[in-house]
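Reader: I have a chain on my screen and would like some help reading it. Could you take me through it?

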Amino acid sequence: MAETDPKSVQDLTNVVQTLLQQMQDKFQTITRIDDLEKNIADLMTQAGVEEAEATPEKPKESQGST
């Protein structure tokens with residue numbers, strides 16, 4: 001088996017470190033989005049807003065005599 005070139009090992013190490021940093025950055029972004037969604041849900045609960053009210057409903061048909 002041929003010996004491994006130290007420069008190749010260093011290049012591979014750099015690539016792996018860069019990929020790991022990118023993954024960590026993306027994970028932190030996802031975590032911040034999840035935290036933001038939870039905070040919004042908490043605020044809606046505190047304000048007394050139901051999730052069903054947050055989505056537009058079809059207009060109710062009038063029920064009753066005219």
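Here are some questions and answers on this chain.

Author: Happy to help! This is a predicted model, where local features need pLDDT of at least 70, side-chain atom pairs count only at pLDDT 80 or more, and totals for chains, interfaces and linings use all residues. Residues are numbered from 1 along each chain as its sequence is written, and side-chain values use heavy atoms, leaving out hydrogens and water.

Reader: How many helices and strands does the protein chain have?

Author: Helices (H or I, at least four residues) and strands (E, at least two) are DSSP runs, numbered from the N terminus. By that count, the secondary structure of the protein chain is two helices and zero strands.

Reader: What distance does helix H1 reach from its first C-alpha to its last?

Author: Helix H1 covers residues 6-47, which is 42 residues. The expected span is 1.5 Å times one less than the number of residues, and for H1 that comes to 62 Å. Gly-48, with a positive phi near 80 degrees, follows H1. From first C-alpha to last, H1 reaches a value close to the expected one: 61 Å.

Reader: What percentage of the 66 residues counts as buried?

Author: Buried means under 20% relative accessible area, exposed over 50%, and partly exposed in between (1.4 Å probe, protein chains only). Of the 66 residues in the protein chain, the share that counts as buried is 0%.

Reader: Which residue forms a salt bridge with Asp-42?

Author: Side chains of opposite charge can pair when their charged atoms come close. A salt bridge is a side-chain nitrogen of Lys or Arg within 4 Å of a carboxyl oxygen of Asp or Glu, and the structure holds two. Asp-42 is partly exposed at 32% relative accessibility, and its partner, four residues apart from it in helix H1, is exposed at 51%. With the closest N and O atoms 3.0 Å apart, that partner is Lys-38.

Reader: And how far apart are the closest N and O atoms of Asp-11 and Lys-7?

Author: Both residues lie in helix H1, four residues apart, about one turn of the helix. Asp-11 is partly exposed at 37% relative accessibility, while Lys-7 is exposed at 56%. In their salt bridge, the closest N and O atoms are apart by 3.6 Å.

Reader: Is Leu-12 buried or exposed?

Author: Leu-12 is found in helix H1. Its relative accessible area is 54%, and exposed means over 50%. Leu-12 therefore counts as exposed.
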